[in-house]
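Biologist: I would like a close look at a single part of this model, the helix packing and what lies around it. Could you take me through it step by step?

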Amino acid sequence: MSQTDDRAALIELHRGLERQGPGDAHFSSKILSNLTSLPPKPRIADLGCGAGAGALLLAKHYQREVLAVDSSSVFLEELTARAKQADLEHWITPIQADMGKLEWPVASIDLLWSEGAAYHLGFEQALKRWRPLLAPNGIAVVSELSWFTEDVPKDVPESAIAYWQNAYPTMGTEAENRARASRSDFTVLSTYRLPNRAWWLNYYEPLRHRMQQIEITPAIQFVIDETETEIELFERFSDFYGYTFYVLQVV
Ligand SMILES: C[S@@+](CC[C@H](N)C(=O)[O-])C[C@H]1O[C@@H](n2cnc3c(N)ncnc32)[C@H](O)[C@@H]1O
């Protein structure tokens, strides 16, 4: 299976879903309501926006333009349709681009949002690339798959470590990710762990439903098998890892 087949199958599997990764609108709204230091008319970007779960929420919350960046035209088309349906299209600017190579003016963003996407670049690499885009006092809210324990080899069952060492070798503990943020010239204002039920209700259950509807090809079957392994692992070991939302301010 080539990487291109794999990527196309992954996109196909997530087509039509509200979210392409774990998240929750109510949880995100709570984070936004605690961001009190933003300017009244913030310049906003959602990087790795997928079909726009975050971008649409940001547009609704702030009633401001959201630069919504993703490499997939499929997801951006879905975002555009959903923005129209929600009467938010005037606030959404879909941009098909590599979020690691944005040539935007320095200090041009006040709020950078990125959910479930930074790992494509690696958390630290993503923060280092995105840091110049942020204005003085700018805020980045970035979710990252994180270990919930400090001593991973001692505390975490071996099968969970083995799986994630292969799937995401640079996955860090929350303390490691805080250190990565500091090294990238950010202060960590707060962190929030996405509740377990959000994984199931908003992501894995719709994804399982989609698996039953989708036309099976060898590439799709491969991606389904991988996803099932990931889901089974989460069922057993979600006490040990999950998505942490890091609320960061530029130093
Ligand atoms: C797990 S999905 C999360 C999508 C969305 N933020 C959400 O929470 O529903 C990760 C997204 O990152 C996008 N992506 C991956 N690498 C990218 C890159 N280098 N530049 C832009 N988007 C990228 C994928 O197409 C996908 O939509």
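Modeller: What follows begins with one pair of helices, passes to a loop residue and the ligand, and ends with a second pair of helices. Please keep in mind throughout that this is a predicted model.

Two packed helices are described by the angle between their axes and by the distance between those axes. For helix α2, residues 25-33, and helix α3, residues 53-62, the angle is about 45° and the axes are 11 Å apart. Angles under 35 degrees count as roughly parallel and those from 65 to 115 as roughly perpendicular, and α2 and α3 are therefore oblique to each other. Their crossing is right-handed. On the α2 side the contact is made by Ala-25, Ser-28, Ser-29 and Leu-32, and on the α3 side by Gly-54, Leu-57 and His-61. Sorted by character, the residues of this contact between α2 and α3 comprise three nonpolar and four polar ones, with no charged residue.

The loop between β1 (44-47) and α3 holds Ala-51. Is Ala-51 buried or exposed? A residue counts as buried if 20 or more other C-beta atoms lie within 10 Å of its own, and Ala-51, with 25 other C-beta atoms within 10 Å, is therefore buried. When neighbours within four places in sequence are left aside, Ala-51 is in contact with Glu-18, Gln-20, Phe-75, Glu-78, Leu-79 and Arg-82. Ser-28, by comparison, lies 23 residues from Ala-51 in sequence and 16 Å from Ala-51 in space, taken from C-alpha to C-alpha.

Gln-20, one of the residues in contact with Ala-51, also belongs to the surroundings of the ligand, where 21 residues are found and where Gln-20, Gly-21, Gly-48, Gly-50 and His-120 come nearest. The elements that give two or more residues to this shell are α3 and β2 (66-70). By character, the shell around the ligand divides into six nonpolar, eleven polar and four charged residues.

The second pair consists of helix α5, residues 123-130, and helix α8, residues 174-183, which pack at an angle of about 25° with their axes 9 Å apart. Since angles under 35 degrees count as roughly parallel, α5 and α8 are therefore roughly parallel to each other, and their crossing is right-handed. Here Phe-123, Glu-124 and Leu-127 of α5 meet Asn-177, Arg-180, Ala-181 and Arg-183 of α8, and the residues of this contact divide into three nonpolar, one polar and three charged.

Notes. Residues numbered from 1 in each chain as written. Predicted model: local features only at pLDDT ≥ 70, side-chain atom pairs only at ≥ 80, totals over all residues. Axes fitted to C-alpha atoms, helices over the stretch in contact; angles between N-to-C directions. Helix = DSSP H or I, 4+ residues; strand = E, 2+ residues; numbered from the N terminus. Parallel < 35°, antiparallel > 145°, perpendicular 65-115°, else oblique. Left-handed = near helix turned anticlockwise from the far one by under 90°. Contact = placed C-beta atoms within 7 Å. Nonpolar A, V, L, I, M, F, W, Y, C, P; charged D, E, K, R; others polar. Near = placed C-beta within 6 Å. Buried ≥ 20, exposed ≤ 12 C-beta atoms within 10 Å, placed from the backbone.
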